[in-house]
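Notebook open, coffee poured. I'm starting with the overall numbers and then going after one sheet.

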Amino acid sequence: MPPVERLHLDHVVQTVCALESVVLRSFGPEGGQVLFTRDTGQAMLSRSGARILTALRLEHPLARMVVECVLKHSTVTGDGSKTFILLLASLLRMIHKMACKEPNVSHTYTSRQTAEASTARHLADKILAFALEELDDLIGMGVIPYGCCLSWEDFTAKKHLSGPSNNDCVQKLLTSFFHSRLGRSHCDFISKLTYELLTHWKFKRDQPSLSLEFVNDNLDALHTPVSGFPISCSRLIEGQVIHRDFATPCPQTEQKAVKAAVFSGYLQPKLLNAGQVLQLGCGEQWMEENSKNNRSIVQFSAWTERSLKCVFANLQSLGVSVILSAVKQSAAVLSLAAQAEMCVVECVSEDELSLFAQLSGAKPVSDCWMVEPEHVATLTFCRPILLGAHRYVHVAFNDSEERVTVKPCSLVICGLGEGQTEQYTCAFRDAIRMLLSTWEPMGMTATTASKRTLQSTKSTSSHVDQIPNVPPFQQSGLQPGYVIPAGGTFEFLLHHALLQNGTSCSASDDIVTSGLAVSQLLANALLIVPRQIYSHSPRHFLQAQARFQTIIQNHSHPFSLVYKQEHSSIFGESAFPLEEDKLTKHRFTEADVSAKLFMSDSGLESVSCKYQLLLAVLQCLSSILHVDTVLHTHTALHTQSRRLANTSWEGTDDETED
């Protein structure tokens, strides 16, 4: 029988706190980078929480379970790996403290540890149920009014001289993300580059999520990693870079349009296909019989050569001078292509061919005998491009009426080493996922919507006259795209909202799992994030907490702290858009000024990502507390999992700078 390990609440807390101690070193604006070394001498220097956690050689199955939960969340939202661990550890410590209180330990269990574990599981389930039912309401009423809603038009809006526009907010959102991921040195440059990339890929009449999904799905084909150069050499280039070289000499186009065709198969018919049988024979009688039936190999070869010439003649009649192939073509194809002054690009990846077909509008050719004008793409140019030590194919597309606002471009990501370049690439990809999650609306049922509308009507009835023509449902802020100032703003505001909600909860016989206890526990656990942000100076944390309390108490309506649209003069009147073509004016007080000065340099973060993070943490909390026994097995599967864990960051070169 395999060895059995009983998991107690103390073991769970210790395991998660050990992971917390690792990520704390790189958390917050003052966090540093973590250096990992391998037995082979390879080194990895990173601030990415997901990358740090995957580099750990974890033996305990509970630790691997937590890391798996973190990676699943990070894959969806692209952010929040370190905050995930901090919140989980904070919740576990508070649950452990509450479960260990003497009055709360039931005498019906055989041991104190069993009673504590049962209380912790019950409490975690209550917190998760509370969050699934009430959290979006609390965020809508207590957090969102202090942020702003970004519009997809902000990516193409021109900046006005009167003050910051929403495209500044988009860049602040990206800058905050890259600052936490890569550090302070290059976050401004990378955020501007990402912003510029997105402005090129804004499709006409499309929702923001569709354009972001397109960039996310095609990022492998849209970016080119180049090692040996600093990140400042990264840039956007027009058109698409196909990561293959020409198999035949590239023709001199002399600035004229180039026509290309995409082939998914072989141009020359193969002698044998899968499942076919080649019959061989000898003797004059056999040769005579098969020559009459046109079944000799010589005649078959002659037929394939004639058919291949017909295919190239058809391509020449259509003006095709570039052939993009998904497979490696025969020597006869390359020879005829060179004679016809056509360039061939072989073994192009499926992702790149799919992107080429979408951008050019041409359909891939599946049957080389059926090449029609609809299979031919017109390109602005097709030429070689040298990026680092590799030569690729560079193509550009003609403008299309269907995508007026799209300017196809490719991203060149540079780094001093291969591992560093890979980190920059992952950061770009996660930034796109973060933006995609930002524009996803928070989950809401019809019951929740009706309840929120009623609550909003009651809460805003006292100042409806001050904000005319604004529906209460809109003030609750249900639209996607909301952002909030970074630096602990979300946690401070939600902490206050949870405490306010707790005071309205009815008392329960079970003090531990009452609504008041659940709200207070979750509210206090959230403060771990701003505490770590201001860990270099605890006095700053207390000042920030007091400042937010003053902000919440001194404002008469929730839109007085909207981040966007402020005039260059900080004192005076500022217009806040509430509905289309409807504005309200608000006179700034001294509290407003101090709040805006405090928030101006803190950056922005996504409300939707924070919401998804908190739910993911609570789901992970409930899952790990329901594990009470570990069976240690030593099978081939376990050996393979350890091997994969040990090689999770294999291939990362030395990324430290001398």
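Entry 1, surface. I pulled the exposed area of the protein and got about 31800 Å², with carbon and sulfur atoms supplying 52% of it. Note to self: this is a predicted model, and everything here is computed from it.

Entry 2, burial and contacts. I looked up the buried share next: 51% of the 658 residues. Then I checked contacts between residues at least 6 apart in sequence, and 75% of those join residues at least 24 apart.

Entry 3, inventory. I count 23 helices and 18 strands in the protein.

Entry 4, the sheet. I picked an open sheet of 6 strands and wrote down its order as E7-E12-E11-E8-E9-E10, with mixed pairing. Which strands stand at the edges? They are E7 (240–242) and E10 (343–345); each has a single partner strand, so one side of each lacks a neighbour in the sheet. I also took the turn between neighbouring strands of this sheet, which averages 40° with direction ignored.

Entry 5, one pair inside it. I zoomed in on E8 (residues 258–263) and E9 (residues 322–325), which pair in the parallel sense over 4 bridges. Opposite Ala260 I found Val322 in E9.

Entry 6, what packs on the sheet. Helix H13 (residues 350–360) does, and I listed what H13 touches: E7, E8, E9, E11 (376–387) and E12 (390–397). For its direction against that of E7, I noted about 150°.

Definitions and conventions: Residues are numbered from 1 along each chain as its sequence is written. This is a predicted model: local features need pLDDT of at least 70, side-chain atom pairs count only at pLDDT 80 or more; totals for chains, interfaces and linings use all residues. Side-chain values use heavy atoms; hydrogens and water are left out. Buried means under 20% relative accessible area, exposed over 50%, partly exposed in between (1.4 Å probe, protein chains only). Contact means heavy atoms within 4.5 Å. Accessible areas come from the Shrake-Rupley method with a 1.4 Å probe; for residues, only the protein chains shown count as cover. Two strands pair if DSSP finds at least two bridges between them. Axes are lines fitted to C-alpha atoms, for helices over the stretch in contact, and angles run from 0 to 180 degrees between N-to-C directions.
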